[in-house]
Amino acid sequence: MIFDYFDHSAVATTVCDIEGKVIYQNRRAIEALGDARGQNLRDCHKPESWAKITAMLREGTTNAYTIEKGATKKLIYQTPWYDAEGNVAGLIEYSTVLPSDMPHFVRPVAKVEA
């Protein structure tokens with residue numbers, strides 16, 4: 001099963017269906033957030049957050065931001081996943097710790113000739 005990969009990942013991964021019901025969490029997500037499988041995201045988010053989630057589900061958009069708790073900074077990346085017909089089927093949320101000394105590189109943009 002493809003989700004076996006995620007159970008050994010350092011990235012907390014949560015997947016919900018089109019209604020917002022949590023259908024998968026890897027080990028890291030359960031450790032960080034508790035076991036939310038079978039629950040609806042609406043029940044664990046503020047109304048403003050639930051409004052963003054429903055908009056992402058409806059429009060197929062991505063939401064990315066960072067959070068900081070104590071000395072830990074994390075990247076949160078929420079993006080749609082699609083069914084076999086190409087329709088939004090739900091969202092995947094990745095949450096990963098960002099090292100405080102993480103390097104940042106600016107790469108040159110390749111020139112494309114017309």
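Contact here means heavy atoms within 4.5 Å. The model is predicted.

**Exercise 1.** Describe the surroundings of Asn26 and state whether it is buried or exposed.

*Solution.*
- Step 1: Asn26 sits in the loop that joins β2 (22-25) to α2 (27-33).
- Step 2: Leaving out residues up to four places away in sequence, Asn26 touches Phe6, Asp7, Ser9, Val11, Ala12 and Thr13.
- Step 3: With Val11 there is also a polar link, as the Asn26 side chain reaches the backbone oxygen of Val11 at 2.8 Å.
- Step 4: Buried means under 20% relative accessible area. Asn26 has 0% relative accessibility, so Asn26 is buried.

**Exercise 2.** Find which element gives the most residues to the largest nonpolar core.

*Solution.*
- Step 1: The core has 10 residues, among them Trp50, Ile53, Met56 and Leu57.
- Step 2: Two or more residues come from each of α3 (47-59) and β5 (88-98).
- Step 3: The most come from α3, which gives four.
- Step 4: For one core member, Ile53, the contacts beyond four places in sequence are Leu41, His45 and Leu91.

**Exercise 3.** State how many salt bridges there are, and examine the pair Glu31 and Arg27.

*Solution.*
- Step 1: The count is three salt bridges.
- Step 2: In one of them, the side chains of Glu31 and Arg27 meet at 3.5 Å, N to O.
- Step 3: Both residues belong to helix α2 and are four residues apart, about one turn of the helix.
- Step 4: Glu31 has a relative accessible area of 54% and is therefore exposed, whereas Arg27, at 38%, is partly exposed.

How values were computed. Residues numbered from 1 in each chain as written. Predicted model: local features only at pLDDT ≥ 70, side-chain atom pairs only at ≥ 80, totals over all residues. Heavy atoms only, no water. Buried < 20%, exposed > 50% of the residue type's maximum accessible area, 1.4 Å probe, protein only. Polar contact = N/O pair within 3.5 Å; in protein donor to acceptor, adjacent residues only side chain to side chain. Core = buried A, V, L, I, M, F, W, Y, C linked by side-chain atoms within 4.5 Å. Salt bridge = Lys/Arg side-chain N within 4 Å of Asp/Glu carboxyl O.
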